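Subject: Structure for you to look at

Hello,

Please find the structure below, together with its sequence. My notes on what was found follow after it.

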Amino acid sequence: MIDPSDMELAAMASCLAPLGEYVGSIGMQRPLADYSKDEVLMLIDVVVTAYQEHMLVEHERMAEKEHERMAEKDRAFLEERLARQGKPASTGGPF
């Protein structure tokens, strides 16, 4: 990966614990060359899954943060508009 972002670096770091758990479960002293094909494929699956899960959580967190930012921007706009019209701002209740 060329010039990974901070989020990608964090996703890579999030793979360490699951990778260590997997390698520990099949024998940490074994050289990678001694892994069976299925063990190597599982190792890849463990790392890729951990990476993708981290990226998904981060994207969801960023989307939620952006949604909150946009909602606050809309709220400020509407409150300013109501103030110009001489109407009181809503207290947040439905009625």
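Let me begin with one residue. E39 counts as buried because its relative accessibility is 17%, and the cut-off for buried is under 20%. Keep in mind that this is a predicted model, and every value here is computed from it.

E39 also has a charged partner. It forms a salt bridge with R30, and the closest N and O atoms of the two are 2.7 Å apart. R30 has a relative accessible area of 28%, so this residue is partly exposed. The pair therefore joins a buried residue, E39, to a partly exposed one, R30. As background, side chains of opposite charge can pair when their charged atoms come close.

Now the chain as a whole. Its secondary structure consists of three helices and zero strands, and the order from the N terminus is α-α-α. The C-alpha trace spans about 75 × 30 × 15 Å along its principal axes. The radius of gyration is 24 Å, whereas a compact globule of 95 residues would have one near 12 Å. Buried residues make up 15% of the 95 residues. The chain exposes about 7700 Å², and carbon and sulfur atoms supply 61% of that area. Among contacts with a separation of 6 or more, 57% are between residues 24 or more positions apart.

Next, helix α3, which covers residues 37-85. How far apart are its end C-alpha atoms? They are 71 Å apart, which agrees with the 72 Å that 49 residues should span at 1.5 Å a residue. The buried residues of this helix are E39, L43, V46, A50, Y51, M55 and E58. They pack against α1 (6-13) and α2 (16-26). Just after α3 comes G86, which takes a positive phi of about 80°.

The structure holds five salt bridges. Besides the one between R30 and E39, here are two more, with both partners in α3.

- E72 and R75 form a salt bridge whose closest N and O atoms are 2.4 Å apart. These residues are three apart in helix α3, so about one helical turn separates them. E72 is partly exposed, with a relative accessible area of 43%, and R75 is partly exposed too, at 42%.
- E80 and R84 meet through their side chains in a salt bridge, at 3.4 Å from N to O. They are four residues apart in helix α3, so about one helical turn lies between them as well. E80 is partly exposed, with a relative accessible area of 47%, whereas R84 is exposed, at 58%.

Why do spacings of three and four places both suit such pairs? An α-helix has 3.6 residues a turn, so residues three or four places apart point the same way.

Last, the surface near the start of the sequence. Which residues form a nonpolar patch there? They are M1, L9 and M12, with about 300 Å² of accessible area together. L9 lies in helix α1. L9 is partly exposed because its relative accessible area is 43%.

When you open the model, E39 in α3 is a good place to start: it is on the list of buried residues, and its salt bridge leads you to R30.

Regards

Methods: Residues are numbered from 1 along each chain as its sequence is written. This is a predicted model: local features need pLDDT of at least 70, side-chain atom pairs count only at pLDDT 80 or more; totals for chains, interfaces and linings use all residues. Side-chain values use heavy atoms; hydrogens and water are left out. Helices (H or I, at least four residues) and strands (E, at least two) are DSSP runs, numbered from the N terminus. The expected span of a helix is 1.5 Å times one less than its number of residues. Buried means under 20% relative accessible area, exposed over 50%, partly exposed in between (1.4 Å probe, protein chains only). Contact means heavy atoms within 4.5 Å. Patches are made of residues with over 30% relative accessible area and no salt bridge: like charges are joined within 9 Å, nonpolar side chains (Val, Leu, Ile, Met, Phe, Trp, Tyr) within 5 Å. Accessible areas come from the Shrake-Rupley method with a 1.4 Å probe; for residues, only the protein chains shown count as cover. A salt bridge is a side-chain nitrogen of Lys or Arg within 4 Å of a carboxyl oxygen of Asp or Glu. The radius of gyration is taken over C-alpha atoms; the globule rule is 2.2 Å times the number of residues to the power 0.38.
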